[in-house]
Amino acid sequence: MIREIREAVMNAARRADDRLPDLPLQHKSQLAKMIRRIRGRDYFDGNPTDVSSGSRPRGWGDRNTRPSDVLDTDKGKRPDPDSYLTDGYIQQHRRQFDDGASRFQDLGGYQNYGPYRTDGDGKGFVLPSSEVDRILARADGDLRVIERELGLPDGMFGDGPVTVVDFPDATPDDIRIPSGNETGASNLWEPGGKTSGGVPEGVLDGDSPGGGNHGARTGDDGLPFVIGGA
């Protein structure tokens with residue numbers, strides 16, 4: 001009996017050894033099958049994949065509500081993001097504002113009305129300050145690139161001048177994920193806390209602890225930093 005078991009084990013080992021050269025091909029085939037299976041699925045990995053299609057991004061906790069359902073709801077009646085996003089996702093989103101919040105704004109509008117008048121309801125759409133720095137580097141002075149990153153209609157900023165307004169005292173506790181009911185939410189707004197350009201965004205209330213202290217970013221000459229408008 002023992003001899004038969006040993007011979008069976010040896011035969012199995014020889015068959016496995018004979019197949020070793022084929023293993024890389026097998027793995028490649030298995031990987032290809034896996035890619036085909038997951039291709040086309042939506043993941044919230046920096047940019048929601050066409051949320052209007054109804055697919056649920058990662059972080060979407062409500063199985064009874066789809067992103068398209070939120071978009072189809074009349075503005076002013078859309079549900080609070082807390083009702084369809086997971087607590088973990090919301091906390092992770094807010095932590096992106098650890099280094100403060102900033103926003104792009106028409107310089108004249110900011111100087112005349114401050115950072116909240118353009119949104120009309122005492123609330124301002126803001127981005128993590130680190131994301132603003134990234135956008136500035138990528139745009140290299142091109143306002144159209146900035147508009148696309150922010151999910152704004154092409155030409156909204158015109159020829160400028162546009163400045164960056166910083167909120168140095170803003171903390172994650174001051175930031176909430178937009179619901180789409182805000183006055184400043186355009187028809188390009190998407191649920192989930194990111195612009196249609198894939199940039200994390202939040203809403204800062206003017207009367208929040210971190211919403212009061214703000215200022216236009218300055219250049220090396222001490223004047224407000226501007227893009228365009230030359």
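This report covers the fold, helix α6, the nonpolar cores, two backbone features and the largest pocket of a predicted model.

## Overall fold

The protein chain has 230 residues, and 39% of them count as buried. Its secondary structure comes to seven helices and six strands. From the N terminus on, the order is α-α-α-α-β-α-β-α-α-β-β-β-β.

Contacts reach far along the chain. Among those between residues at least 6 apart in sequence, 69% join residues at least 24 apart. The protein chain exposes about 13400 Å². Carbon and sulfur atoms supply 48% of that area.

## Helix α6

Helix α6 spans residues 129-139. Its buried residues are S129, E131, V132, I135 and A139. Seen down the axis of α6, they fall within an arc of 155°, so they line one face of the helix. The face turned away from this buried side carries A137 and R138, both exposed.

What covers the buried face? The cover over the buried residues of α6 includes two strands that precede the helix in numbering, β1 (101-106) and β2 (123-128). It also includes α7 (143-150) and β3 (162-167).

One buried residue of α6 can be followed further. Leaving aside residues up to four places away in sequence, I135 touches F104, L127, I146, E149, L150 and V199.

## Nonpolar cores

The largest nonpolar core has 14 residues. Those that touch the most other members are F104, L127, I135, L143, I146, L150 and F157. At least two residues of this core come from each of α6, α7 and β3. Helix α7 gives the most, with four residues.

I135 ties this core back to α6. It is among the residues of the core that touch the most other members, and its contacts include F104, L127, I146 and L150. A second core of 11 residues is separate from this one. Among its members are W60, Y89, I90 and F125. In soluble globular proteins, nonpolar side chains tend to be buried together.

## Backbone features around α7

Just after α6, D140 takes a positive phi of about 50°. D140 is not a glycine. The residue lies in the loop between α6 and α7. Is D140 buried or exposed? D140 is exposed, with a relative accessible area of 70%.

The loop between α7 and β3 holds P161. Here the peptide bond from G160 to P161 is cis. Its omega is near 5°.

## The largest pocket

How much space lies in the largest pocket? The volume is about 540 Å³. The pocket is lined by 24 residues. Closest to its centre are R103, F125, L152, M156 and G184.

Two strands stand out in the lining. The elements that give two or more residues to it are β1 and β2. The largest share, four residues, comes from β1. Both strands also help to cover the buried residues of α6. F125 links the pocket to the second core: this residue is one of those closest to the pocket centre, and the second core includes it.

Note on methods:
Residues numbered from 1 in each chain as written. Predicted model: local features only at pLDDT ≥ 70, side-chain atom pairs only at ≥ 80, totals over all residues. Heavy atoms only, no water. Buried < 20%, exposed > 50% of the residue type's maximum accessible area, 1.4 Å probe, protein only. Arc of directions from axis to C-beta. Contact = heavy atoms within 4.5 Å. Core = buried A, V, L, I, M, F, W, Y, C linked by side-chain atoms within 4.5 Å. Areas by Shrake-Rupley, 256 points an atom, 1.4 Å probe, with all protein chains shown as cover. 1 Å grid on protein atoms, 1.4 Å probe; cavity = no way out; pocket = protein on both sides within 12 Å on 5 of 7 lines; lining within 4 Å. Points joined across faces, edges and corners; volume = space filled by probe spheres on them.
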